[in-house]
Amino acid sequence: MTDPTISERYVGALMNTFGPPKLALVRGEGAHVWDENGKEYVDFLGGIAVNALGHNHPALVAAVTEQLSTLGHISNFFTSGPQVELAERLLALVPGGETGRVFFANSGTEANEAAFKLTRKTGRTKLVAASGAFHGRTMGALALTSKEAYRAPFEPLPGDVTFVPYGDAEALAAAVTDETAAIVLEPIQGEAGVIVPPAGYLAKAREIADARGALLWLDEVQSGLGRTGRMFAHEDSGVVADIVTLAKGLGGGLPIGACLGLGRAATLFEPGNHGTTFGGNPVACAAGLAVLRTIEEEGLLEHVTVLGQKLRDGLAADPRVSEVSGEGLFIGVVLPEGNTATVAAKALEAGFILNNATPDRIRLVPPLVVTSDDVEALLSAWPAILDQAHEEGRP
Ligand SMILES: *Cc1c(COP(=O)(O)O)cnc(C)c1O
């Protein structure tokens, strides 16, 4: 008898929260990964928009290794250079960051939990979120996440949350009252399949929040830090948010999240209001600094803009694609045939990792360092992948 594979052992050892894993991966380099059988894939998922610098980037490896061998963890009774420097760098980058303050967490959902609690310190409890929104899986963030299947088993959820259609400024204006603590929005919705709101939507949301004395909280967990070809997806909207949450790309694969409080939201928390044992630890912060530095040193914003355009144009060229949404390397591909699960499966067989975000929307969020060759490889395989998926779907 042969030994069981990693994937076979998985089902006997791990809780069944994700369904069976598609692959067991053993190694990565740039935008490429290898599975336990040695098969190579081009990774257009990037750990779900996390591996900004790809796999095994020397700058990230060096920063983490050096920090871990100097000082790895200290608790929040103490601080460290990397923690303070990362907070300063983020505030220097975010619109309106001059008087801001940062709370570090370990994930997107925890960054959003911090933000959720921060909104309570306004003295108001009501929140307005958007349909299609994804803000995480802990109880507070789940209360802001609209998908019924995620919510239903865990109700009652905390909060006092109203959902409005995403992108509809009038519906937002109607839902926000003088009792609203905050409006929470993704500048571009990720899990929903990369949905870009109409131009001017965020500016309208800012006006509505101001008119009612509510905070505007932008969840940039997926859209932030270079993904759109800009550091923040909302930075060209002219909007200064009160709260910006970050995570996915920030650590380049190390777990870290951040809740940025700007303006009056910067100082709502007082000692004892919130905490975390691991959040802001030196290693995760050193990783964050390496990501920010590398985005700048390697000119990745420009690279993302150029390659994103090439990828979107190439994918859209196939007549079976009805729409390609998104900005930079934050891309949704609409397939009206509704067969994205089959398309992703055929792509995987062909050596490409894609994500079927919804039945009719493929999501691509590759490492920001994905190369022109990687993009060309996917584009030349794309028609055959769609052919095979179509064939398989025939009765
Ligand atoms: C992924 C995501 C989260 C949750 O992040 P986790 O690290 O999985 O907890 C929150 N908000 C948005 C917009 C996300 O894409």
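Visitor: Which atom of the ligand lies 2.6 Å from an N or O atom in the side chain of Lys 248?

Guide: A polar contact here is a pair of N or O atoms within 3.5 Å, and in this predicted model the partner of the Lys 248 side chain at 2.6 Å is an oxygen atom of the ligand. Gln 222 also offers a polar side-chain atom, 2.7 Å from an oxygen atom of the ligand, whereas Gly 108 uses a polar backbone atom, which is 2.8 Å from a ligand oxygen atom.

Visitor: How much of the ligand's area does the protein bury?

Guide: On its own the ligand exposes 380 Å², and the protein buries 83% of that, with accessible areas taken from the Shrake-Rupley method with a 1.4 Å probe.

Visitor: Which residues come nearest to the ligand?

Guide: A residue is near the ligand if one of its heavy atoms lies within 4 Å of it; 13 residues surround the ligand, and the nearest of them are Gly 108, Thr 109, Asp 219, Gln 222 and Lys 248.

Visitor: Which helix gives the largest share of the shell around the ligand?

Guide: Helix α5, residues 108-120, gives the largest share, with three residues, a helix being a DSSP run (H or I) of at least four residues, numbered from the N terminus.

Visitor: How do the shell residues divide into nonpolar, polar and charged?

Guide: The shell around the ligand holds two nonpolar, seven polar and four charged residues, where Asp, Glu, Lys and Arg count as charged, Ala, Val, Leu, Ile, Met, Phe, Trp, Tyr, Cys and Pro as nonpolar, and the others, including Gly, as polar.

Visitor: What conventions apply?

Guide: Residues are numbered from 1 along each chain as its sequence is written, and side-chain values use heavy atoms, leaving out hydrogens and water. Local features need pLDDT of at least 70 and side-chain atom pairs count only at pLDDT 80 or more, while totals for chains, interfaces and linings use all residues.

Technical notes
Polar contact = N/O pair within 3.5 Å; in protein donor to acceptor, adjacent residues only side chain to side chain. Helix = DSSP H or I, 4+ residues; strand = E, 2+ residues; numbered from the N terminus.
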